[in-house]
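Reader: Before we start, I would like to hear how the labels used for this model are justified, one by one.

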Amino acid sequence: MMMGQIPQGFNPLSTEQSQALAQLAGSMTPVQQAWISGYLAATAQAGADAVAAPAAVPAADSAPLTILYGSQTGNAKHVANDLAEGAKARGLDVKLVNMADYKPNQLKNEKFVTIVTATYGEGEPPEGAEKFYDFVASKKAPKLDGVQVAVLGLGDSSYEFFNKTATDFAERFQALGAKVVVDTALFDVDYDDHTGGWIEGALDVFEPELKAQAGSANVVQMPLAVPGAVPAVAPQWTKKNPFEAEITEVQKITGRDSAKDVRHIEISLEGSGLTYQPGDSLGVYFQNDAAEVDDILKRLDLDGSSEVMLSGQTRNLRQALIEELELTQSYPGFVAAFAEATANTTLLTLVEDKAALRDYIAERQIYDIIREHAAPIAPQALVDALRKMQPRLYSIASSQAEVEDEVHLTVGVVEWDAFEQAHLGGASGHLARRSGAGDALRVFVESNDSFRLPANPDTPVIMVGPGTGIAPFRAFLQERDTQEADGKNWLIFGNPHFTQDFLYQVELQSYLKSGLLSRLDVAFSRDQAEKVYVQHRILEQGAELYKWLQEGAHFYVCGDANHMAKDVHAALLEVVKTHGGVEDDAAEAYLSKLRDDKRYQRDVY
């Protein structure tokens, strides 16, 4: 029966489906309701079209172009999507899979593979790619003779192990017998202007064999448009096309005597149609400090009104330095280009010693390097030495079901003194110190499907979020509150001092009083002689925590990746060993199973 043939008054949904639909609709904004209405209409039409004219079935011995991506901040995911769309436009059969969802034992069945991966931290694979990365590096990995592979990496040259994950994948696939058929691409943070050419080149290589093996039997069927339906398309506002929002509030939420400056920031999304879910991040384009920019212009004897070329367009030099170019985070490429442009022998010598260069830039912003080595340079040469500013991602600290056309952030100001200068982080300095209510801010939503509340609101959750890592859990709690969820909620929060650093204290205590928060454990590390951190609370409450896990609880961690997240993992492992009565291997397998089941999720940076 087609949708148009359903008798009037007949409801084809079960009672449970009707209740679920009513609950979902009641929690959605008008924009969300319009989108889901169009999406369902398009899906129903596509199903009817499939019945009327089934798509051609690929030949039995054909293989798709499998695109596997590992993404930490969303960049690799977007490049992989661009690659998949390019392949579909050529009529190629494509399989696009997040490495977190890929079954490693399927690798032996692949014939054409493209890896798109980020590298973060000290050369580590993205959170969701760890299992696949370890599998490929292990003795369990199959022989890949006859497999064709291409690898694209996204990294940050300010880190020592630049694009290590991509390099490791390329080398390991080759060692397993695969043939790397396209030069491995290792892109820096300003990759946007370069990936398109590599994608087209890679598809040029794969296309002939993909089409030859499939013949006319393997035709990709593109979805048909449905008149009057709202298509499920990419959002209007993206990293490449951010929305100009308005800051409505900037409030300090640490005490006067705190060593930390943490700000609660509220931003209006009115008129944007932007939607987000708890667990998502907000991408923020900041502006460099105008006073700092004027200072370096003066030191370099440059006229800020000079015209320069940037990404093929003419720009005012001063505006380009304030709005579009990176001046805070140092990286080797800038030192090398600046040294060359100014014929600076000291810097040219430093560039030859990679270890010394790393130590040098680790302590300095680009402002510092220019101040130390100011010399005549052409305006265009300065612009060419700098890379384009990249947005910073912040975990969203609000539920849209509660705040509607707003989004909230929890921002810790990065600040320090060095070289007789006060220093601020690029984005945190702009948001917390140089911005206020009424100021404009370019933003976009970065979805994070690997950090989500359980689909069943009755499921218990355990949240570990020290410092600004509390941000997504504020969103989780708001969401569970609006859902009137019955699932238990346990928050473990830490910071230096109770009186100065208890972020969102009033809100959390209110949730505790209302019963939304079943448990609240805190670790204020400097309030006693012996430092106490969140991992210590996990160990102290190990029996209860393990009981929750055995009852199906989901476990979440947000915050520092280098220390906190590793310490929490070690504590969780100890809890499973002690209270589960198992050895190391079995405890690791237990946590691995939690990850596979999406019950152990981390948002770390």
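Author: Let us begin with a single ring in this predicted model: Phe524 has a relative accessibility of 6%, and since buried means under 20%, Phe524 counts as buried.

Reader: What makes Phe498, the residue that forms an aromatic pair with Phe524, count as partly exposed?

Author: Its relative accessibility is 36%, which lies between the limits of 20% and 50%, so Phe498 counts as partly exposed.

Reader: Why is the pair of Phe498 and Phe524 called edge-to-face?

Author: The planes of Phe498 and Phe524 stand at 85°, and because an angle over 60 degrees counts as edge-to-face, the label follows; the centres are 5.6 Å apart, and centres within 6.5 Å make a pair. Phe498 lies in helix α17 and Phe524 in strand β19, so the pair ties together parts that are 26 residues apart in sequence.

Reader: How do you know that Phe476 and Tyr556 are edge-to-face, and are they buried or exposed?

Author: Their ring centres are 5.1 Å apart and their planes are at 85°, so this pair is edge-to-face as well. Phe476 has 0% relative accessibility and counts as buried, and Tyr556, with a relative accessible area of 0%, is buried too.

Reader: What makes you say that Lys488 lies over the face of Trp548?

Author: Lys488 is at 4.2 Å from the ring centre of Trp548, and the cut-off for the distance is 6 Å, with a further condition on the ring normal. Arg519 likewise lies over the face of Trp490, at 4.3 Å from the ring centre.

Conventions
Residues numbered from 1 in each chain as written. Predicted model: local features only at pLDDT ≥ 70, side-chain atom pairs only at ≥ 80, totals over all residues. Heavy atoms only, no water. Phe/Tyr/Trp six-rings, centres within 6.5 Å; stacked < 30°, edge-to-face > 60°. Buried < 20%, exposed > 50% of the residue type's maximum accessible area, 1.4 Å probe, protein only. Helix = DSSP H or I, 4+ residues; strand = E, 2+ residues; numbered from the N terminus. Lys NZ or Arg CZ within 6 Å of the ring centre and 35° of its normal.
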